[in-house]
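Here are some exercises to work through with the model open beside you. Try each task first, then compare your steps with the worked solution.

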Amino acid sequence: MQQKLDVDHIVRHFLERAKSKPPIRTAIVHPCSHDALLGAIDAAREGLIEPVLVGPCVKIMAIAAEQKLNIQPYELIDVPHSHAAAIKGVELARARNVQALMKGSLHTDELMGEVVKRESGLHTERRISHIFAMATENYHKPFFITDAAVNIAPDLLIKRDIVQNAIDFVTGINENKMVPKVALLSAVETVNPAMPSTIDAACLCKMADRGQIQGGIIDGPLAYDNAISLEAATVKGIKSPVSGDADIFLTPDIESGNMLVKQLILLNNASSAGIILGTRVPVILTSRSDSVQSRIGSCALAVLMADAMRHSLLTYLKVE
């Protein structure tokens, strides 16, 4: 029987690790709402980021005055609207004037549209993907879910990049030398031609055998029960080094990933934080429904990712 995880302890440890690193200069793209502005200020108070507020200055200052938020310590860059803010934020990152981007009150598509542009964006040789860091008392260690926010219906080669992004990220930010275990999720644990996700999972496993995916222990297809529970896997006669001990869960598509993450947060009181992978700098995506803890956690992920990039641990971040 696995012991329950002390989630509060894990969150504190994770945050303290990030706070032990230098704060990262972060462009807050269009922080034109109370939540967006407060999220940046909270992260700055924790010593995680040095905010650069990019947006219409008059609007940002009006919100700060109305909500009694002190933004005097932070640099403001005046642009006329949200689209211009997205362009400017990416421009700052390309020029290395900031070490990270953080989404403000603009639509995710508006920011990501500039991030992924071939000529002027922040893409690398890998497909851009998203990862959630999760912790719940019902699982014995922190774990990661990918991709629940960017790639809608990834094909096999995109899934290869998503898996490799996740492996490199988890390895890069981990303080111990570990080989992440990756569960390739589907509805069943056997290959079924009627379920493309099972075929993709089988192919990904063979690609790992051939060195096309490196640095992780990969198994699938695995249904969620026998991925998360060794007991469930044993009952079904599944022998897997991943079952009951996965670090990373690859979901078949954005719909299943998004539902899994939100179910864990809302019904299982899971702690979560998320970040974009496969970009030249960390990109922090926040939602209006995110808790303060989630916003701070996402900034902490960005700090650890930036530190790993400085030390060349995230080797995939090569620009095409």
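## Exercise 1: two helices that cross

Helices α2 and α11 are oblique to each other. This is a predicted model, so keep that in mind throughout the exercises.

**Task.** Find the angle and the axis distance at which α2 and α11 pack, and list the residues that make the contact.

**Solution.** Begin with what you need to look up: two packed helices are described by the angle between their axes and the distance between the axes.

- Step 1. Locate the helices: α2 covers residues 34-45 and α11 covers residues 292-310.
- Step 2. Read off the geometry: the angle is about 55 degrees, and the axes are 10 Å apart.
- Step 3. Classify the angle: 65 to 115 degrees would be roughly perpendicular and under 35 roughly parallel, so the pair α2 and α11 is oblique.
- Step 4. Add the handedness: α2 and α11 cross in a right-handed way.
- Step 5. Collect the contact residues: α2 contributes Asp-35, Ala-36, Gly-39, Asp-42 and Ala-43, while α11 contributes Val-292, Arg-295, Ile-296 and Cys-299.
- Step 6. Sort the residues of this contact by class: five are nonpolar, one is polar and three are charged.

## Exercise 2: a second helix pair

**Task.** Describe how α6 and α7 pack, then look up Asp-200 and decide whether this residue is buried or exposed.

**Solution.** Take the pair first and the single residue afterwards.

- Step 1. Helix α6 spans residues 156-173, and α6 packs with α7 at an angle of about 55 degrees, the axes being 10 Å apart.
- Step 2. That angle makes α6 oblique to α7.
- Step 3. The crossing of α6 and α7 is right-handed.
- Step 4. On the α6 side the contact uses Leu-156, Leu-157, Lys-159 and Arg-160; on the α7 side it uses Ser-197, Asp-200, Cys-203, Leu-204 and Met-207.
- Step 5. Here the classes are five nonpolar, one polar and three charged residues.
- Step 6. Now turn to Asp-200, which sits in α7 (residues 196-209). Its relative accessible area is 15%, and the cut-off for buried is under 20%, so Asp-200 is buried.
- Step 7. Leaving out residues up to four places away in sequence, Asp-200 touches Pro-154, Leu-156 and Lys-159.

## Exercise 3: the buried face of a helix

**Task.** Which residues of α5 are buried, and where do they lie around the helix?

**Solution.** Look at α5 from the side, then down its axis.

- Step 1. In α5 (residues 108-115), the buried residues are Leu-111, Met-112, Glu-114 and Val-115.
- Step 2. Viewed along the axis of α5, these buried residues fall within an arc of 160 degrees, so they line one face of the helix.
- Step 3. Find the packing partners: the buried residues of α5 pack against β1 (24-29), α4 (82-94), β4 (100-103), β10 (271-277) and β11 (283-284).
- Step 4. Choose a residue in one of those partners: Thr-26 is in strand β1.
- Step 5. Thr-26 has a relative accessible area of 0% and is buried.
- Step 6. Setting aside neighbours within four places in sequence, Thr-26 is in contact with Ile-49, Glu-50, Pro-51, Val-52, Val-98, Ala-100, Leu-101 and Met-102.

## Exercise 4: backbone details

**Task.** Where do His-30 and Arg-96 lie, and is each buried or exposed? Then locate the cis peptide bonds at Asp-147 and Pro-221.

**Solution.** Handle the phi angles before the peptide bonds.

- Step 1. His-30 is not a glycine, yet its phi is positive, about 60 degrees.
- Step 2. His-30 lies in the loop between β1 and α2, and at 8% relative accessibility it is buried.
- Step 3. Arg-96, also not a glycine, has a positive phi of about 65 degrees.
- Step 4. Arg-96 belongs to the loop between α4 and β4; at 76% relative accessibility it counts as exposed.
- Step 5. The bond from Thr-146 to Asp-147 is cis, with omega near 0 degrees, and Asp-147 lies in the loop between β6 (143-146) and α6.
- Step 6. The bond from Gly-220 to Pro-221 is cis too, with omega near 5 degrees, and Pro-221 lies in strand β8 (residues 217-223).

Key: Residues are numbered from 1 along each chain as its sequence is written. This is a predicted model: local features need pLDDT of at least 70, side-chain atom pairs count only at pLDDT 80 or more; totals for chains, interfaces and linings use all residues. Side-chain values use heavy atoms; hydrogens and water are left out. Buried means under 20% relative accessible area, exposed over 50%, partly exposed in between (1.4 Å probe, protein chains only). Helices (H or I, at least four residues) and strands (E, at least two) are DSSP runs, numbered from the N terminus. The arc is that of the directions from the helix axis to the C-beta atoms. Contact means heavy atoms within 4.5 Å. Axes are lines fitted to C-alpha atoms, for helices over the stretch in contact, and angles run from 0 to 180 degrees between N-to-C directions. Angles under 35 degrees count as roughly parallel, over 145 as roughly antiparallel, 65 to 115 as roughly perpendicular and the rest as oblique. A crossing is left-handed if the near helix is turned anticlockwise from the far one by less than a right angle, and right-handed if clockwise. Ala, Val, Leu, Ile, Met, Phe, Trp, Tyr, Cys and Pro count as nonpolar, Asp, Glu, Lys and Arg as charged, and the others, Gly among them, as polar.
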